[in-house]
Amino acid sequence: VSDKYVGELDADNVADYAAAGYITGLGDKWSSYIPAENYEAYRMSGEGKGCGIGVSVTSTETSIRVTLVYDDSPAAKAGIQKGDYILGTGDLTTEKDGSSAVISAISGKEGTDVTVTVKKADGSAKELTMQRAVVTQKMAWGKMLNDKIGYIRIENFHDGCADQFKTALQSLTDSGAQSLVIDVRHNGGGRVKEMSAALDPLLGEGTIMTLRMKNGSETVYTSDADCIDLPIAVLIDDQSISAAEFFAAALQEYERATLVGTHTTGKGRAQRTYALSDGSAVNLSVEEYFTPKGKSLADTGIAPDIETALTDEQTANFYFLGTDGDPQLQRALSEVQSLKN
C-alpha cells in the first residue's frame with residue numbers, strides 16, 4: 001500500500017480498521033475493538049462516570065430526547081428535564097447534521113463551556129450554556145408506588161450501581177415497602193461484582209454466579225445469609241443483557257422473584273478490556289459465566305414467568321410510558337400485590 005496506493009494513506013485509520021477486522025474475525029459478537037479516540041469515554045462509562053452535561057438520551061437519526069438527567073449535573077442545574085428534546089449545539093443541529101454529530105459535540109473537556117438548544121414540553125426553545133463536568137451516572141433509584149409497593153429502576157451495572165441500589169432499597173424498606181418491583185429492562189449489563197453486590201440483600205446464602213476462564217479456573221460470586229423477606233417481581237425484556245439477565249436468573253432460580261416481560265437476549269461470556277500501546281483497546285471475551293444452577297444463558301437467555309409484551313409504539317416510547325401507560329409494569333404490580341395478600 002505504501003509503495004503502490006495512488007491515494008493519500010491515513011496509517012492510523014488503516015490500523016484501526018485492521019484491528020477491528022481481526023476482532024470481528026473471531027466471530028464473537030461480544031468482543032470489540034475500541035479506537036483510541038473512544039477509549040477514554042468508554043473507560044469512564046464503565047466506571048459509572050462521564051464528562052459532559054450529565055444526561056442519558058434516546059435518539060433517531062435526526063432526533064435526540066432526554067430520558068434521564070443525572071443528579072447535581074450541569075444539565076440538572078440548567079433546568080433540562082426528562083422528555084426535553086436537544087435540537088443542537090453551536091452551529092450543529094440534529095436536522096442538518098444528525099444526532100450523532102450533536103451528541104459527540106456536547107461531550108468534551110471538563111471545565112469547558114457548551115451551549116445546547118433545547119425544546120421544552122410547551123414547544124418553546126431555549127439556548128442553555130453549561131460548563132462540562134465529570135458527572136456520576138444515575139444507575140439505580142427508587143420510588144414508592146400505591147399500596148406500599150417499592151419500585152427500583154436499574155439502568156446498568158456500572159461501578160457504583162450496587163451502592164445506589166442499596167440506598168434505594170433501604171429508603172423504600174424504611175418507608176414501609178411491603179413488596180418490590182425491580183426493573184432491568186433496557187439494561188445492557190455492566191460489572192459482575194456490582195450485580196452480585198446488588199443481589200446480596202435479596203438472596204439467602206448461596207452461589208450467585210460462576211465465571212470460568214479458558215484454562216478452567218473459576219471465580220465464584222456468593223451471597224450471605226442475610227436477605228429481605230418481601231414479594232419481588234423483576235421486569236425483563238429483549239434488551240436485558242449480560243449482568244441484567246443474570247440478576248433476574250438468580251432470583252428466578254432461587255424462587256425469590258417472579259419475572260415479568262419478554263425473553264432476554266442470551267449472553268454467556270464476560271469480557272475484559274485490554275489497553276493497547278497506541279491508546280486504543282480490545283474488549284475481549286475471556287470467561288464463560290453460569291447461573292447458580294450452572295446454566296449458561298448463551299444464545300438462550302431466560303424466559304419470563306409471566307409473558308407480557310409491549311406494542312411497537314410502546315417500545316418506541318419506553319422511557320416515557322409512565323406507571324399507568326406501561327402494561328408490563330402494571331402486570332408486575334398486580335403480581336406482587338397478589339403475593340402480598
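User: Why is helix H7 (residues 192–199) described as largely enclosed by the rest of the structure?

Analyst: Six of the eight residues of H7 are buried, so the helix is largely enclosed. Buried means under 20% relative accessible area, exposed over 50%, and partly exposed in between (1.4 Å probe, protein chains only). The buried residues are Val192, Glu194, Met195, Ser196, Ala198 and Leu199. Helices (H or I, at least four residues) and strands (E, at least two) are DSSP runs, numbered from the N terminus. This is a predicted model, in which local features need pLDDT of at least 70 and side-chain atom pairs count only at pLDDT 80 or more, while totals for chains, interfaces and linings use all residues. Residues are numbered from 1 along each chain as its sequence is written, and side-chain values use heavy atoms, with hydrogens and water left out.

User: What covers the buried residues of H7?

Analyst: The cover includes helix H6 (161–174), strand S13 (206–213), strand S14 (218–223) and helix H8 (243–253). Contact here means heavy atoms within 4.5 Å.

User: What makes Asp28 and Arg269 a salt bridge?

Analyst: A salt bridge is a side-chain nitrogen of Lys or Arg within 4 Å of a carboxyl oxygen of Asp or Glu. The N to O distance between Asp28 and Arg269 is 3.2 Å, so the pair meets the definition. Asp28 lies in the loop between H1 and strand S1 (32–34), and Arg269 in strand S17 (residues 269–275), 241 residues apart. At 12% relative accessible area Asp28 is buried, whereas Arg269, at 38%, is partly exposed.

User: Why is Glu287 called buried or exposed, and which residue is its salt-bridge partner?

Analyst: At 7% relative accessibility, Glu287 counts as buried. Its partner is Arg272, with the closest N and O atoms 3.4 Å apart. Glu287 lies in strand S18 (residues 281–290) and Arg272 in strand S17, so the pair ties together parts that are 15 residues apart in sequence. Arg272 has 37% relative accessibility and counts as partly exposed.

User: How do you know that S5 (residues 85–89) pairs with S7 (residues 113–119)?

Analyst: Two strands pair if DSSP finds at least two bridges between them. S5 and S7 have four bridges, in the antiparallel sense, so they pair. Ile86 has Val118 as its bridge partner in S7. S5 is also joined to strand S6 (residues 92–93) by two bridges, again antiparallel, and Thr89 is partnered by Leu92.
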